[in-house]
Amino acid sequence: MIKTMSAYTFEIDDAAMAVSEILAQLDVEHRLCAHAVGLMTCYDEFIETGVTKAISDALPFNIIGCSTMANASAGELGEMLLCLTVLTSDEVLFSAGVTQSLTEIQDAPLLAAYQAAREALPGEPAMMLLCGPVINQLGGELLVEKLDAISGGIPLFGTLGSNHRTDFIRSYTIFNGQSHNDTLAFALVYGPIHPSFFVTTIPGEKIQHQKAIITKAAGNILMEIDHMPVQAYLEHLGLMDAWVTSVSFPFLIDYNDGTKPVLRSIYTFTPEGYAVCGGRMPIGTTLMLGDIDYADVVYTTGETVKQILQVPDRSCILMFSCLTRYVVLGPEPAAEMEQVRSSIHDRAYHFCYSGGEICPVYNENGRLVNRFHNCTLIACVL
């Protein structure tokens, strides 16, 4: 059994005051079990002012985390906020780790960090919680693929760091108060847990029925759709101008392997007119167009929470939502977080905005397959 403790602080300048607030809310002396790990998300200035390090130094367990555009926990929400969720148990073990610098997505640093954390456990972990870096446009998907192979396919759940800058320069991962923009922080979870995973994209009626095939691509660079240059294809559909000025038109990619389609954003276009997307665009996969707006975000989040609340014996709800969903909320950016806060009353939750979502999906045989997502709300119920 896992128990959850939650705390938050708006104190961004006075590290001692922030530590005092966090310790008072957690009451670790009376509530902490034999094993524990923390998940911390915050506005990036908490890192730069030393608040995250001071909090980590004051607590007797490992803390992983990342910067975020906005987050919510313990009934509070906002941009200029730090949220800390502590998972603690007498039966479940946690082994945390951090990689060396990942200037590229390399096997050696990932394998070394994973093996070091794995050796501290008596058996194979049940899952991994992770906070990853935004290294380049394809980093998230490569990260998932390599961690899936290294770990033997255990469920991976986590987020890439985000912040208020579109270039992600101040997007950080956190490990025990140390922050970097090129490392992976993670925690292996070992023991009798039965996590439930939820992946929410956009309503079915907002997906165009017209399907196409990716006929030319290289990694995350989309070149041709149905043998047409990608910009010509979008112009043919009357969408090119809208795509240049909006983030609300994602692609849905069907891998044709029995799993549900995943969303992919267009980040930008190359000088050659190719689309730089948020993940791999495999040749031969089926492509559909979607549309997402304010109402879609609020509705899909509400429906997801309804499903989550049907899970029995839930002790903690972890939710990561793509920053694109935050952007399309426009003048009411807190609407999705308000939806979560107003709907979840009896259990701990931790919500933050993501630079890329990592969550397993179920295939047609009910087997979990690790996936990297864009424009998506993901959730893990423990």
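This passage looks at two residues, Thr85 and Asp226, and at the cavities of a predicted model.

Thr85 makes a good starting point. It is found in strand 6, which runs over residues 82–89. With a relative accessible area of 2%, Thr85 counts as buried, because that label goes to anything under 20%. Its side chain has a partner: a polar contact of 2.7 Å links it to the side chain of His350. Setting aside neighbours within four places in sequence, Thr85 is in contact with residues from several stretches of the chain numbering, including Thr4, Met5 and Ser6, then Val37, Gly38 and Leu39. Ser73, Cys316, Tyr349 and His350 are also among the contacts of Thr85.

Next comes the empty space. Rolling a probe the size of a water molecule over the atoms shows where such space is left. In this model, 2 cavities of 30 Å³ or more turn up.

The largest cavity has a volume of about 50 Å³. Its lining is made up of Leu39, Ile64, Leu129, Leu130, Cys131, Phe157, Gly158, Leu318 and Phe320. Strand 8 (127–132), strand 9 (156–160) and strand 22 (316–322) are the elements that each give two or more residues to this lining. Strand 8 gives the most, with 3 residues. Sorted by class, the lining of the largest cavity comes to 8 nonpolar residues and 1 polar one, with no charged residues.

The second largest cavity holds about 40 Å³ of space, and here Thr85 shows up again. Thr85 lines this cavity together with Val37, Gly38, Leu39, Leu87, Leu129 and Leu318. Strand 2 (35–42) and strand 6 each supply at least two of the lining residues, and strand 2 gives the most, with 3. By class, the lining of the second largest cavity has 5 nonpolar and 2 polar residues, and once more no charged ones. Leu39, Leu129 and Leu318 appear in the linings of both cavities.

Asp226 is set in other surroundings. Asp226 sits in the loop between strand 15 (221–225) and strand 16 (228–229). With a relative accessible area of 33%, Asp226 is partly exposed, since that value falls between the 20% and 50% cut-offs. Apart from neighbours within four places in sequence, Asp226 is in contact with Lys211, Ala212, Ile213, Thr215 and Tyr233. As for distance, the C-alpha atoms of Asp226 and Val28 are separated by 58 Å. Along the chain, those two residues are 198 residues apart.

Notes. Residues are numbered from 1 along each chain as its sequence is written. This is a predicted model: local features need pLDDT of at least 70, side-chain atom pairs count only at pLDDT 80 or more; totals for chains, interfaces and linings use all residues. Side-chain values use heavy atoms; hydrogens and water are left out. Helices (H or I, at least four residues) and strands (E, at least two) are DSSP runs, numbered from the N terminus. Buried means under 20% relative accessible area, exposed over 50%, partly exposed in between (1.4 Å probe, protein chains only). A polar contact is a pair of N or O atoms within 3.5 Å; within protein, one must be able to donate a hydrogen and the other to accept it, and residues adjacent in sequence count only if both atoms are side-chain atoms. Contact means heavy atoms within 4.5 Å. On a 1 Å grid over the protein atoms alone, a cavity is a set of points where a 1.4 Å probe fits but cannot get out, and a pocket is an open set with protein on both sides within 12 Å along at least five of seven lines; lining residues have an atom within 4 Å of a point. Grid points are joined across faces, edges and corners, and a volume is the space filled by probe spheres set on the points. Ala, Val, Leu, Ile, Met, Phe, Trp, Tyr, Cys and Pro count as nonpolar, Asp, Glu, Lys and Arg as charged, and the others, Gly among them, as polar.
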